[in-house]
Amino acid sequence: MMFNRRNGAVYTGVTNDIVKRVWEHKKKVNPDSFSARYNCDKLGYWEDFQYVNDALEREKHIKAQSRKYKLNLIESINPDWLDLSAQDMFWMR
């Protein structure tokens, strides 16, 4: 999940290459996308899945939930709303 600021806009998506996808969000590779329009360029939360179908089901589940649910999900692992991709270990994945 990408966000623009604490309690701001939140983008939820699925990828098979999180490092590349975060870079694309930061560089606004798709300038007409939701994440580019709302400047969602900070990584707030992610989950790993072995199977793509499981990831797609989880994405659908998250998108169907309330905004409060999504904000709580971010805060469950990232209470300070840090850009998790700013950590060196993220880019070494």
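**Salt bridges in the predicted model**

Lys-42 has a relative accessible area of 24% and is therefore partly exposed. This value, like those that follow, was computed from a predicted model. The lysine is paired with the residue just before it in the numbering: Lys-42 forms a salt bridge with Asp-41, and their closest N and O atoms are 2.9 Å apart. The two partners fall into separate accessibility classes, since Lys-42 is partly exposed, whereas Asp-41, at 17% relative accessibility, counts as buried. The cut-off for buried is under 20%, so the 17% of Asp-41 places this residue in that class.

Side chains of opposite charge can pair when their charged atoms come close. Searching the whole structure for such pairs gives six salt bridges. One of the pairs joins Lys-26 to Asp-83, with 2.7 Å between the closest N and O atoms. Because Lys-26 sits in helix α1 (residues 18–27) and Asp-83 in the loop between α4 (67–77) and α5 (88–91), this contact ties together parts that are 57 residues apart in sequence. As for solvent contact, Lys-26 counts as partly exposed, at 30% relative accessibility.

A further salt bridge is found within a helix. Glu-57 pairs with Lys-60, and here the closest N and O atoms are 3.7 Å apart, which is within the 4 Å cut-off for a salt bridge. Both residues belong to helix α3 (residues 52–64); they are three residues apart, so about one helical turn separates them. Lys-60 has 53% relative accessibility and therefore counts as exposed, the cut-off for that class being over 50%.

Key. Residues numbered from 1 in each chain as written. Predicted model: local features only at pLDDT ≥ 70, side-chain atom pairs only at ≥ 80, totals over all residues. Heavy atoms only, no water. Salt bridge = Lys/Arg side-chain N within 4 Å of Asp/Glu carboxyl O. Helix = DSSP H or I, 4+ residues; strand = E, 2+ residues; numbered from the N terminus. Buried < 20%, exposed > 50% of the residue type's maximum accessible area, 1.4 Å probe, protein only.
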